[in-house]
Amino acid sequence: MRVAGSLAPGVFLCACSGPQSALDPAGREASEVATLFWGMLAGAALIWLAVIGAAVFAGRVQKEPIGDRAGLRLILWAGAVIPTLVLAALLAYGLRLMPVLRAGEASLRVHVSGEQYWWRVTYERADGTRIESANELRLPAGRPAEIVLDSADVIHSFWIPALAGKLDMIPGRTNRLVLHPERIGTYRGVCAEFCGRSHAYMAFPVVVLPPQEFEAWLAREAAPAEVPATSTTDTGAFLANGCGGCHAVRGTAASGTIGPDLTHLASRLTLGAGMFANTSENRRRFVAEAETLKPGVRMPSFGALAPAELDAIAAYLGSLR
Ligand code: CUA
């Protein structure tokens with residue numbers, strides 16, 4: 001009873017669903033991983049039952065010492081044959097899975113680079129044109145996508161539990177992951193390798209769209225920013241304070257490449273790599289307090305600017321649809 005009481009909360013508290021669960025797969029690779037998990041859980045449960053059963057038998061049922069031959073048989077079967085068979089079956093299953101998770105041709109290629117503490121995301125179309133974005137990944141459902149991973153500084157790890165297993169992003173090395181998203185929805189990706197003080201603040205939303213919607217979105221993303229003519233003072237504040245030295249807004253004088261591309265910032269779901277909802281208040285706050293909100297980030301805090309300047313920059317960012 002006590003054992004059941006201590007196990008029950010674990011069973012009910014485990015995250016079996018939600019946008020960041022490997023047990024609620026939304027793609028082919030994650031389904032394979034989830035099946036592997038349940039298979040290993042069943043195998044482990046089998047071994048656990050056998051061991052506990054043997055212990056109970058030895059302690060409670062078997063009062064007399066068993067003979068030498070029977071003892072040898074028990075050790076041979078329970079100690080060697082059964083574990084070898086169970087582990088060999090799991091190994092065979094794992095080996096069969098490896099090519100399934102690695103191979104595959106994809107019509108869409110997306111380069112993702114890990115940087116302290118954000119994601120540089122570049123979509124590469126079939127004709128070779130590249131569209132730069134950041135901190136959000138959009139993919140078409142039912143079509144394979146090749147994700148090309150590398151890092152600009154330290155080792156990060158790219159993990160979208162609902163779509164696939166994790167893969168390290170290593171400076172100077174390129175890793176590849178093919179994803180087959182199947183279920184439309186919004187999921188959460190994270191950095192799964194400790195990479196510095198703000199490692200925990202390095203996440204990104206993953207939006208799986210119907211293919212036509214994805215193509216329409218990519219066409220909008222490829223276009224330069226449409227800044228309304230009424231916001232020239234706001235644009236001025238953005239440029240005068242040097243924001244364009246680090247950030248690019250395609251179609252304007254801002255062409256920095258150090259920080260995230262901001263061309264369609266207002267259309268993204270989150271700010272600061274999955275940290276905050278993308279609201280006007282949060283945009284202003286992030287500009288004013290970046291270093292406090294995200295320790296170790298390369299962007300300085302602009303809290304010393306006049307409130308009107310901060311408002312203008314936040315308004316400009318909000319116009320980047
Ligand atoms: Cu990047 Cu942890």
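Which residues does UniProt assign to the feature "domain: Cytochrome oxidase subunit II copper A binding"? In this predicted model, the unreviewed UniProt entry places that domain at residues 105–220. Over residues 105–220 the chain is 9% helix and 49% strand, and the C-alpha atoms at the two ends are 26 Å apart. The same kind of record, again an unreviewed entry, carries the annotation "transmembrane region" for residues 38–58 and 70–95. Residues 38–58 are 100% helix and 0% strand, with end C-alpha atoms that lie 30 Å apart, and residues 70–95 are likewise 100% helix and 0% strand, with their end C-alpha atoms at 36 Å from each other.

Within the annotated domain, a hairpin can be followed from strand to strand. Strand β2 (residues 118–124) is joined to strand β3 (residues 130–134) by 5 bridges, and the two run antiparallel. The hairpin has 5 residues between the strands, and Gly128 takes a positive phi near 95 degrees there. Glu124 stands opposite Arg130 in β3. The side chains of Arg120 and Glu132 also meet, in a salt bridge of 2.9 Å from N to O; because Arg120 lies in strand β2 and Glu132 in strand β3, the pair ties together parts that are 12 residues apart in sequence. Arg120 is buried, with a relative accessible area of 16%, whereas Glu132 is partly exposed at 24%.

The open sheet of 5 strands is ordered β4-β10-β9-β6-β7, and its pairing is mixed. Its edge strands, each of which pairs on one side only, are β4 (137–140) and β7 (167–169). Neighbouring strands of this sheet are turned against each other by 25 degrees on average, direction ignored. Helix α4 (residues 211–222) packs on the sheet and touches β4 and β10 (203–209), its direction making about 135 degrees with that of β4. Towards the β7 edge, strand β6 (residues 156–159) runs antiparallel to β7 and is joined to it by 3 bridges, and His156 has Met169 in β7 as its bridge partner.

The loop between β6 and β7 holds Ala164. Is this residue, Ala164, buried or exposed? Ala164 counts as buried because its relative accessibility is 7%, under the 20% limit that defines the term. Leaving aside neighbours within four places in sequence, Ala164 is in contact with Glu29, Ala30, Trp159 and Leu179. Ala164 and Glu32 are 132 residues apart in sequence, yet 8.6 Å apart in space from C-alpha to C-alpha.

Charged pairs provide a further thread, and a search of the whole structure finds 12 salt bridges. Side chains of opposite charge can pair when their charged atoms come close. Arg176 forms a salt bridge with Glu146, with the closest N and O atoms 2.7 Å apart; Arg176 lies in strand β8 (residues 175–179) and Glu146 in strand β5 (residues 145–151), so the pair ties together parts that are 30 residues apart in sequence. Arg176 is partly exposed, with a relative accessible area of 48%, while Glu146 is buried at 12%. Both residues belong to a network of salt bridges that links Arg109, Glu124, Arg130, Glu146 and Arg176.

Cysteines complete the picture. Cys191 counts as buried at 6% relative accessibility, and Cys195 counts as buried at 6% as well. A search of the whole structure finds 0 disulfides.

Notes:
Residues numbered from 1 in each chain as written. Predicted model: local features only at pLDDT ≥ 70, side-chain atom pairs only at ≥ 80, totals over all residues. Heavy atoms only, no water. Disulfide = S-S within 2.5 Å. Buried < 20%, exposed > 50% of the residue type's maximum accessible area, 1.4 Å probe, protein only. Pairing = 2+ DSSP bridges. Helix = DSSP H or I, 4+ residues; strand = E, 2+ residues; numbered from the N terminus. Axes fitted to C-alpha atoms, helices over the stretch in contact; angles between N-to-C directions. Contact = heavy atoms within 4.5 Å. UniProt positions renumbered as here; feature names shortened; annotations may be inferred. Salt bridge = Lys/Arg side-chain N within 4 Å of Asp/Glu carboxyl O.
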